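Reader: Could we go through this one together? I'd like to begin with the overall fold and then turn to the charged pairs.

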Amino acid sequence: QYSPDSVAGADGELDPTEITFPGCSCRSSSCVLPECPCLRRGHNYSGPRLRPAEQQEQRFSRPVFECNSLCRCGDGCQNRLVQRGLRLRLQVFRTESKGWGVRALERIPSGAFVCEYAGEVLGFAEARRRIQAQTAQEPNYIIAVREHLHDGRVMETFVDPTRVGNVGRFLNHSCEPNLFMVPVRVDSMVPRLALFAAADISAGEELSYDYSGRFRNAPEASREHKPLEEENSQRKPCYCGSRTCTSFLPWDSSLFSTP
């Protein structure tokens with residue numbers, strides 16, 4: 001089932017459509033600093049883009065909060081980007097060795113919002129149950145995103161587009177990707193998993209991101225570890241073809257282990 005936005009999972013633990021953030025009272029058509037509380041919460045867009053370099057200036061990236069449906073600013077506010085959804089021409093196509101993939105049908109400038117990775121938002125228990133129920137031959141679309149807060153806490157988000165999802169489910173992994181993922185919050189603390197261009201992308205170029213979270217993050221941000229030899233039998237080979245290819249798709253044993 002195609003859905004442009006994430007939906008509550010079957011476990012009903014999280015509802016990404018619930019509005020829990022207060023709206024701003026800005027009366028201008030487009031919010032500006034320092035008046036707007038939404039903009040003061042975190043990182044801001046530079047025009048219609050998120051600059052990758054700005055995300056790297058500090059050890060911890062500032063979070064991204066967009067204005068929401070309770071805000072008084074107009075739909076044309078510059079702080080509304082991901083919520084507007086897909087605006088680019090993309091194509092799902094059959095690759096030579098990686099199954100389905102997605103490519104751009106137009107040039108995409110660096111920092112531009114490309115698409116969201118949408119699906120069912122699950123709690124940890126349901127995400128692990130679904131992964132453990134899969135066979136080694138089945139594709140795994142469930143993504144685990146971990147945000148490391150400055151005080152040591154870790155926020156986890158699990159999205160499964162297996163049954164409900166959008167074009168993002170067809171994006172392939174690459175060890176040298178041209179997209180990077182950023183959790184963007186609009187209505188609540190449940191983030192939208194937004195993918196932005198990491199560099200200028202040419203028309204016809206395949207789109208990819210790093211499933212492990214290594215890309216543009218501190219090395220310790222990823223929970224991926226060097227797997228034991230016996231775990232390699234459960235891993236899928238990587239066919240990205242990049243110079244730094246690690247030979248296997250990223251591995252996170254925490255979702256496979258028994259509590």
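**Fold and salt bridges**

Author: The secondary structure of the protein chain comprises 3 helices and 12 strands, counted as DSSP runs numbered from the N terminus (helices H or I, at least four residues; strands E, at least two). This is a predicted model, in which local features need pLDDT of at least 70 and side-chain atom pairs count only at pLDDT 80 or more, whereas totals for chains, interfaces and linings use all residues. Residues are numbered from 1 along each chain as its sequence is written, and side-chain values use heavy atoms, with hydrogens and water left out.

Reader: How many salt bridges does the structure hold?

Author: The structure holds 13, a salt bridge being a side-chain nitrogen of Lys or Arg within 4 Å of a carboxyl oxygen of Asp or Glu.

Reader: Which residue forms a salt bridge with E116?

Author: That is R192, with the closest N and O atoms 3.9 Å apart. The pair links distant parts of the chain, since E116 is in strand β5 and R192 in strand β11, 76 residues apart. Both E116 and R192 are buried, meaning under 20% relative accessible area (exposed is over 50%, partly exposed in between; 1.4 Å probe, protein chains only).

Reader: And E120, where does R163 lie relative to it?

Author: E120 forms a salt bridge with R163 at 3.8 Å between the closest N and O atoms. E120 lies in strand β6 and R163 in the loop between β8 and β9, so the pair ties together parts 43 residues apart in sequence. Salt bridges with shared partners join E120, E126, R129, R130, D160 and R163 into one network.
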